Amino acid sequence: MWIFPLIFLVVILLIVFRGGGSPMSGGRGMRTHDREESAKEILDRRYARGEIGQEEYQRMKKDLE
């Protein structure tokens, strides 16, 4: 009886980790340019939340360029 919830969980995890064909992925694999934009957005969010300081933000931003 526990097999159905397990299968459901696996399907949900596959959808989450593979992107599920979301509009942002366009149904294609990520190109290098897309990953750079995504990394920049993540970096901006981490800085905005206060997870990283200004010096670390600037250093990581420079690494992405």
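**Helices, salt bridges and one aromatic pair**

E51 has a relative accessible area of 44% and is partly exposed, a class that lies between buried (under 20% relative accessible area) and exposed (over 50%), with a 1.4 Å probe and protein chains only. The model is predicted, with local features needing pLDDT of at least 70, side-chain atom pairs counting only at pLDDT 80 or more, and totals for chains, interfaces and linings using all residues. Residues are numbered from 1 along each chain as its sequence is written, and side-chain values use heavy atoms, leaving out hydrogens and water.

User: Which pattern does the protein chain follow along the sequence?

Analyst: Helices (H or I, at least four residues) and strands (E, at least two) are DSSP runs, numbered from the N terminus. The protein chain has three helices and zero strands. Its pattern along the sequence is therefore written with helices, as α-α-α.

User: Which element of the protein chain has the highest mean pLDDT?

Analyst: The predictor's confidence in each residue is given by pLDDT, from 0 to 100. Over the protein chain the average is 77, and 71% of the residues score at least 70. Where pLDDT is low, the predicted coordinates should not be read in detail. Among the elements, α2 has the lowest mean, 78, whereas the highest, 90, belongs to α3.

User: What share of the area exposed by the protein chain do carbon and sulfur atoms supply?

Analyst: Accessible areas come from the Shrake-Rupley method with a 1.4 Å probe; for residues, only the protein chains shown count as cover. Of the 65 residues in the protein chain, 5% are buried. The chain exposes about 6000 Å², and the part from carbon and sulfur atoms is 61%.

User: How are the rings of Y47 and Y57 arranged: stacked or edge-to-face?

Analyst: Rings of Phe, Tyr and Trp (its six-membered ring) pair if their centres lie within 6.5 Å; planes under 30 degrees apart count as stacked, over 60 as edge-to-face and the rest as tilted. By this rule there is one aromatic pair. Because the centres of Y47 and Y57 are 4.4 Å apart and their planes stand at 20°, the pair is stacked.

User: How many residues apart in sequence are the parts that the pair of Y47 and Y57 ties together?

Analyst: Y47 belongs to helix α2 (residues 32-49), while Y57 belongs to helix α3 (residues 54-64). The pair therefore ties together parts whose separation in sequence, counted in residues, is 10.

User: Is Y57 buried or exposed?

Analyst: Its partner Y47 has a relative accessibility of 34% and counts as partly exposed. Y57 has a relative accessibility of 9%, so this residue counts as buried.

User: What is the length of the polar contact that joins the side chains of D44 and Y57?

Analyst: A polar contact is a pair of N or O atoms within 3.5 Å; within protein, one must be able to donate a hydrogen and the other to accept it, and residues adjacent in sequence count only if both atoms are side-chain atoms. D44 and Y57 are 13 residues apart along the chain, with their C-alpha atoms separated by 8.0 Å. Contact means heavy atoms within 4.5 Å, and outside four places in sequence Y57 is in contact with K40, L43, D44, Y47 and I52. The side chains of D44 and Y57 are joined by a polar contact of 2.8 Å.

User: Which residue forms a salt bridge with K40?

Analyst: A salt bridge is a side-chain nitrogen of Lys or Arg within 4 Å of a carboxyl oxygen of Asp or Glu, and the structure holds four of them. K40 is partly exposed at 29%, and its partner lies four residues away in helix α2, about one turn of the helix. With the closest N and O atoms 2.9 Å apart, the partner of K40 is D44.

User: What is the N to O distance in the salt bridge of R59 and D63?

Analyst: R59 and D63 both lie in helix α3, four residues apart. R59 is partly exposed, with a relative accessible area of 46%, whereas D63 is exposed at 57%. Their side chains meet, N to O, at 3.9 Å.

User: Which residues are linked in a network of salt bridges?

Analyst: The side chains of R46 and E51 meet in a salt bridge of 3.2 Å. R49, found in helix α2, makes a polar contact of 3.5 Å with the side chain of E51. R46 counts as partly exposed at 30%, whereas R49 counts as exposed at 59%. The network of salt bridges links R46, R49 and E51.
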